[in-house]
Amino acid sequence: MITDMDALRAHIAAHPVEGSPDDKRAGFAALAPAGPAGRRVRIGGVPCTVQGPQDGAPVLWLHGGGLVFGDGATHAAMTACLAMGCDRPVICPDYRLAPEHSWPAPLEDVLAVLDALPGPVDVGGDSAGGQLALLAALRRPGQVRRLALMSPNTDRTGASTTRTRDTDAMNDDEGDRALAELAFGPDLAYHPDASPLGADLSGLPPVWITAATNEILLDDSLLLIRALGRVGVPVTAEIRPGLCHLWPLWGDTLPDGRATLRTAAAFLTAAG
């Protein structure tokens, strides 16, 4: 059971996510905590896992995994905790993954689910899922009520100064870039969807962002926070010390993860 950061670091070290895309998928499935099976449904033609109650305005949560691995099962422990905190159903789509399905297939699936839900919808995501959530809100102005982002990928132009650090137990720049290239191709710096930080952010709804001080994507969040403030988008930030990328994935047992998910739930259930 993962109850502190020492245990989480040891668990991550014992379950490397490496090799071929299929190997990475198997590795991440072994790394991720087990969670409730949830309810399997199709929304907008996309297979999804739903956690939490049957009724209530749903939250759309987009899983991380570099657009190459992850699904509703790997994120079940986290989305079940979020559903409990919100007392609402949480929908996690199994969007198409790279390299079998290149960009924009993942975003097309997310938009199909979003378009099929009665709106406006509260949307969130972690890591590459946070990038997808941000892009979905940009593509569908007015359809997203609130946007919760956990360590989102936002910039591939080189503005980040934290990507090359070696303090993140979960993530490293070389691996993160390799995953992105499988989805977007090698010219990441010139692909606008690889760097949503450069988009017109002025029409976004209220945003909540969290990141860890030790992770390589810290600057991706800090740069987005500043950009949102410049255009007047309400933004709430929570920068957590001493943690690693994707710590809320273990929100069922890790106190820091549970606290982050409680904060996210409070944001997503707030009025207005």
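**Close-up 1. E100, a partly exposed residue in a loop.** In this predicted model, E100 has a relative accessibility of 49%. Buried stops at under 20% and exposed begins at over 50%, so E100 counts as partly exposed. To find E100, look in the loop between β4 (90-93) and α4 (105-116). Leaving aside residues up to four places away in sequence, E100 touches D22 and R25. V68 is worth picking out here too: V68 and E100 are 32 residues apart along the chain, and their C-alpha atoms are separated by 8.9 Å.

**Close-up 2. Strand β7 and its buried residues.** Now move to β7, which covers residues 207-212. Six of its six residues are buried, so the strand is mostly covered. In a regular strand, side chains alternate between the two faces of the sheet. Here, V207, I209 and A211 point one way, while W208, T210 and A212 point the other way. Whichever way they point, all of these residues are buried.

**Close-up 3. The strands paired with β7.** Strand β6 (residues 144-150) runs parallel to β7, and four bridges join the two. If you want a spot to start from, try M150, whose bridge partner in β7 is T210. Strand β8 (residues 235-240) is also parallel to β7, this time with six bridges. For that pairing, look at A211, which stands opposite I239 in β8. And how does the chain get from β7 to β8? It crosses through helix α7 (residues 218-230), making a β-α-β crossover that is right-handed.

**Close-up 4. The largest cavity and its lining.** The structure holds one cavity of 30 Å³ or more, and about 80 Å³ of space lies in the largest cavity. Which residues line it? The lining is made up of G66, L67, A128, Q131, N153, R156, D176, L179, A180, F184 and A194. By kind, these lining residues split into six nonpolar, three polar and two charged.

**Close-up 5. Helices around the largest cavity.** Stay with the same cavity, but follow the helices this time. Both α5 (128-139) and α6 (173-184) give at least two residues each to the lining. Which of the elements supplies the largest share? That is α6, with four residues of the lining.

Key:
Residues are numbered from 1 along each chain as its sequence is written. This is a predicted model: local features need pLDDT of at least 70, side-chain atom pairs count only at pLDDT 80 or more; totals for chains, interfaces and linings use all residues. Side-chain values use heavy atoms; hydrogens and water are left out. On a 1 Å grid over the protein atoms alone, a cavity is a set of points where a 1.4 Å probe fits but cannot get out, and a pocket is an open set with protein on both sides within 12 Å along at least five of seven lines; lining residues have an atom within 4 Å of a point. Grid points are joined across faces, edges and corners, and a volume is the space filled by probe spheres set on the points. Ala, Val, Leu, Ile, Met, Phe, Trp, Tyr, Cys and Pro count as nonpolar, Asp, Glu, Lys and Arg as charged, and the others, Gly among them, as polar. Buried means under 20% relative accessible area, exposed over 50%, partly exposed in between (1.4 Å probe, protein chains only). Two strands pair if DSSP finds at least two bridges between them. A crossover is right-handed if, with the strands pointing away from the viewer, the path from the first strand over the helix to the second runs clockwise. Contact means heavy atoms within 4.5 Å.
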